[in-house]
Amino acid sequence: MIVSIASGKGGTGKTTVATNLARSVGAPIQLLDCDVEEPNAHLFINPSFESSQTVFLPVPEVDEDRCTYCGKCAEICQFKAIAVVNQNILIFDELCHSCGGCWEICPESAIIQGRRELGIIEKGQSNGIEFIHGRLRVGEAMSPPLIKQVRAYQDPQKLTIIDAPPGTSCPVIASMKESDFVLLVTEPTPFGLHDLKLAVGAVEILQIPSGLVINRSDLGDDAVKKFARQKGLPILMEIPFDRQIAEAYSKGEMLVDVIPQWKEKFLELHDKIRHLSKNQTLNTKH
Amino acid sequence: MKELILISGKGGTGKTSIIAALASLAENKVLCDADVDAADLHLVANPQVLSRAEFRSGHTAAIRKSKCSECGLCRELCRYSAIDADYHINPLDCEGCGVCVYFCPEKAVDFPENTCGEWFISDTRFGPMVHAQLGIAEENSGKLVTLVRQEARKLADEMKHDLILTDGPPGVGCPVIASIGGASAVLIVTEPSLSGIHDMQRVIELANHFKVPAMVCVNKFDLNPDLTADIEAFAKAEELTCLGRIPYDPIFIKAMVQGQTIFEYNNDSRAGHAVKEIWHALSKKLNL
């Protein structure tokens with residue numbers, strides 16, 4: 001089973017929920033941190049990393065001896081990554097989406113495969129949790145191809161927990177799609193609610209069963225709860241604001257280590273997710 | 001004209017609440033919300049929309065069943081596995097590269113332009129504002145960010161305003177890169193947590209990479225004074241200006257719930273005094 005943790009708004013507690021859920025449920029489990037722009041889960045899980053792999057995207061390079069400057073490659077490229085001006089060909093490889101159009105179209109086979117570094121993927125272990133994260137190279141714009149590579153580590157024999165990035169655009173879709181359940185984490189504030197609505201919209205497009213965790217649940221107002229009721233979005237857990245929790249978080253300490261009673265609550269959360277993903281999937285099929 | 005972008009790396013450090021507070025203090029400025037993926041500034045600024053326009057960018061392929069001979073070439077060439085065995089293209093997987101459109105021997109693939117969102121020029125009680133909303137699950141957020149920044153500059157030029165205050169997105173990827181390129185400076189709003197520091201370091205690296213001067217302020221500093229000191233030491237070692245510290249103060253949420261800035265909610269709060277000091281230092285630094 002694959003459970004993605006998403007939110008819309010940043011800083012609502014996705015990583016807190018993902019890491020504590022993983023720690024509470026235990027083996028056989030894997031945690032994939034797909035927030036490759038700003039991965040943070042390792043700061044709490046403290047895995048010992050066993051391997052690190054640099055990940056590349058194929059981009060075009062030109063064999064100038066073969067190129068006749070016919071301009072077909074520039075014509076097919078939708079991303080303006082190739083420009084041909086008179087007897088010059090310029091490649092802006094940071095704009096390339098690796099679609100392969102230029103390789104396919106070049107009549108002279110003058111386009112050779114170069115590569116652009118996307119970032120690294122690191123893999124490790126901690127307390128029975130298999131941990132994998134991607135780290136986007138600083139300066140690289142495109143995170144979805146790296147997210148896809150992190151997700152290639154999904155192991156169907158294990159419960160897979162995915163820590164998704166904030167927002168609702170392509171990196172979030174790449175992290176959530178084909179999950180069995182999306183756990184949305186929000187805070188009961190106007191910003192939290194506004195971005196939650198967007199995240200719910202994304203989950204609806206993907207048609208994945210979902211539920212809600214309300215973090216810092218005693219701050220703000222009750223508009224998030226009203227929205228959840230209207231939408232039939234089940235509230236699976238509430239975490240009140242507690243300075244002890246905030247201070248533990250700041251030091252990279254896990255909630256279930258600082259206040260062990262929370263382990264029971266995260267196990268309950270896991271049960272609810274299992275139950276809901278089965279029922280809601282049945283409902284959508286009928 | 002000066003263009004200041006608030007970024008943070010990590011989400012939820014307080015960028016939008018702080019930019020709303022700065023909007024209360026600054027004069028002759030244009031507000032700009034470049035967090036087009038999950039824009040929130042309008043929830044406090046309460047803009048009256050003066051003009052709106054569709055944001056069109058990129059294309060999505062669609063196979064016309066009546067013309068398709070199911071030869072399989074498109075499925076073979078598509079690097080995004082966007083075409084299923086029934087020759088249906090999943091728009092969420094389609095990258096808009098046009099390879100299937102070009103190579104289809106039956107010319108059976110349509111390639112309409114996408115409408116990915118909407119952008120607005122508005123009036124607010126703080127002055128003019130340029131903002132946008134990217135459609136859910138859409139792409140090209142970087143291009144929409146570039147567009148709202150261009151429009152904000154145009155507006156500031158026309159109105160002879162000397163400052164653009166821009167709310168940036170979290171992360172270090174495409175929308176952030178589009179937000180900071182060519183800006184006068186970025187103000188990094190961080191928080192004293194291991195995550196906050198980790199993400200701040202990456203965003204400082206990004207600002208250096210694109211040669212944009214960066215400044216730092218620490219929000220909720222009293223949640224971990226030791227880490228706050230570490231952040232400031234790190235920033236100093238990187239030769240960045242530390243503009244100040246803001247205490248953890250529930251006024252930010254109380255004001256947000258009322259749709260107000262912290263100064264509108266209560267002009268005499270601890271956080272408010274800290275933000276005023278930061279604004280003072282910022283004005284000096286930017287020669288406003």
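This report describes the two chains of a predicted model, their domains, two helix packings and the contact between the chains.

## Overall make-up of the chains

Chain A contains eleven helices and eleven strands. Its C-alpha trace spans about 70 × 40 × 35 Å along the principal axes. The chain has 286 residues, and 51% of them are buried.

Chain B likewise has eleven helices and eleven strands. Taken along the principal axes, the C-alpha atoms of chain B fill a box of roughly 70 × 40 × 35 Å. Of its 288 residues, 55% count as buried.

## Sequence separation of contacts

Contacts within each chain were sorted by sequence separation, counting pairs of residues at least 6 apart in sequence. In chain A, 74% of these contacts join residues at least 24 apart. In chain B, the share that joins residues at least 24 apart is 76%.

## Domains

Two domains are assigned in chain A: domain 1 covers 2-49 + 119-285, and domain 2 covers 57-116. Domain 1 of chain A is thus written as two segments. Between the C-alpha centres of domain 1 and domain 2 of chain A the distance is 40 Å.

In chain B, domain 1 takes in 2-56 + 117-285, while domain 2 runs over 61-111. The C-alpha centres of these domains of chain B are 41 Å apart.

## Packing of α7 and α8 in chain A

Two packed helices are described by the angle between their axes and the distance between the axes. For α7(A) and helix α8 (residues 223-231) of chain A, the angle is about 25° and the axes are 9 Å apart. Angles under 35 degrees count as roughly parallel, and α7(A) and α8(A) are therefore roughly parallel to each other. Their crossing is right-handed.

On the α7(A) side, the residues in this contact are Gly192(A), Leu193(A), Leu196(A), Lys197(A) and Val200(A). They meet Ala223(A), Val224(A), Phe227(A) and Lys231(A) in α8(A). By residue class, the contact of α7(A) with α8(A) has six nonpolar, one polar and two charged residues.

## Packing of α1 and α11 in chain B

In chain B, helix α1 (residues 15-25) packs with helix α11 (residues 270-285) at an angle of about 70°, and their axes are 10 Å apart. Because angles of 65 to 115 degrees count as roughly perpendicular, α1(B) and α11(B) are described as roughly perpendicular to each other. The crossing of α1(B) past α11(B) is right-handed.

From α1(B), the residues Ile18(B), Ala21(B), Leu22(B) and Leu25(B) take part. Their partners in α11(B) are Val275(B), Lys276(B) and Trp279(B). The contact of α1(B) with α11(B) comprises six nonpolar residues, no polar residues and one charged residue.

## Contact between chains A and B

The contact between the chains takes 51 residues from chain A and 50 residues from chain B. On the side of chain A that touches chain B, the elements giving two or more residues are α4 (101-105), α6 (170-176), α7 (190-206) and α9 (243-250). Of these, α7(A) gives the most, with eight residues. The residues on this side of chain A divide into 20 nonpolar, 22 polar and nine charged.

Helix α7(A) therefore appears in two of the contacts described here: α7(A) packs with α8(A) at about 25° and is roughly parallel to α8(A), and α7(A) also gives eight residues to the side of chain A that touches chain B.

Notes
Residues are numbered from 1 along each chain as its sequence is written. Chains are lettered from A and ligands numbered from 1 in the order in which they are written. This is a predicted model: local features need pLDDT of at least 70, side-chain atom pairs count only at pLDDT 80 or more; totals for chains, interfaces and linings use all residues. Two residues are in contact if their C-beta atoms, placed from the backbone, lie within 7 Å. Helices (H or I, at least four residues) and strands (E, at least two) are DSSP runs, numbered from the N terminus. Ala, Val, Leu, Ile, Met, Phe, Trp, Tyr, Cys and Pro count as nonpolar, Asp, Glu, Lys and Arg as charged, and the others, Gly among them, as polar. A residue is buried if 20 or more other C-beta atoms lie within 10 Å of its own, exposed if 12 or fewer, and partly exposed in between; C-beta atoms are placed from the backbone. Axes are lines fitted to C-alpha atoms, for helices over the stretch in contact, and angles run from 0 to 180 degrees between N-to-C directions. Angles under 35 degrees count as roughly parallel, over 145 as roughly antiparallel, 65 to 115 as roughly perpendicular and the rest as oblique. A crossing is left-handed if the near helix is turned anticlockwise from the far one by less than a right angle, and right-handed if clockwise. Domain bounds come from an automatic or database domain assignment.
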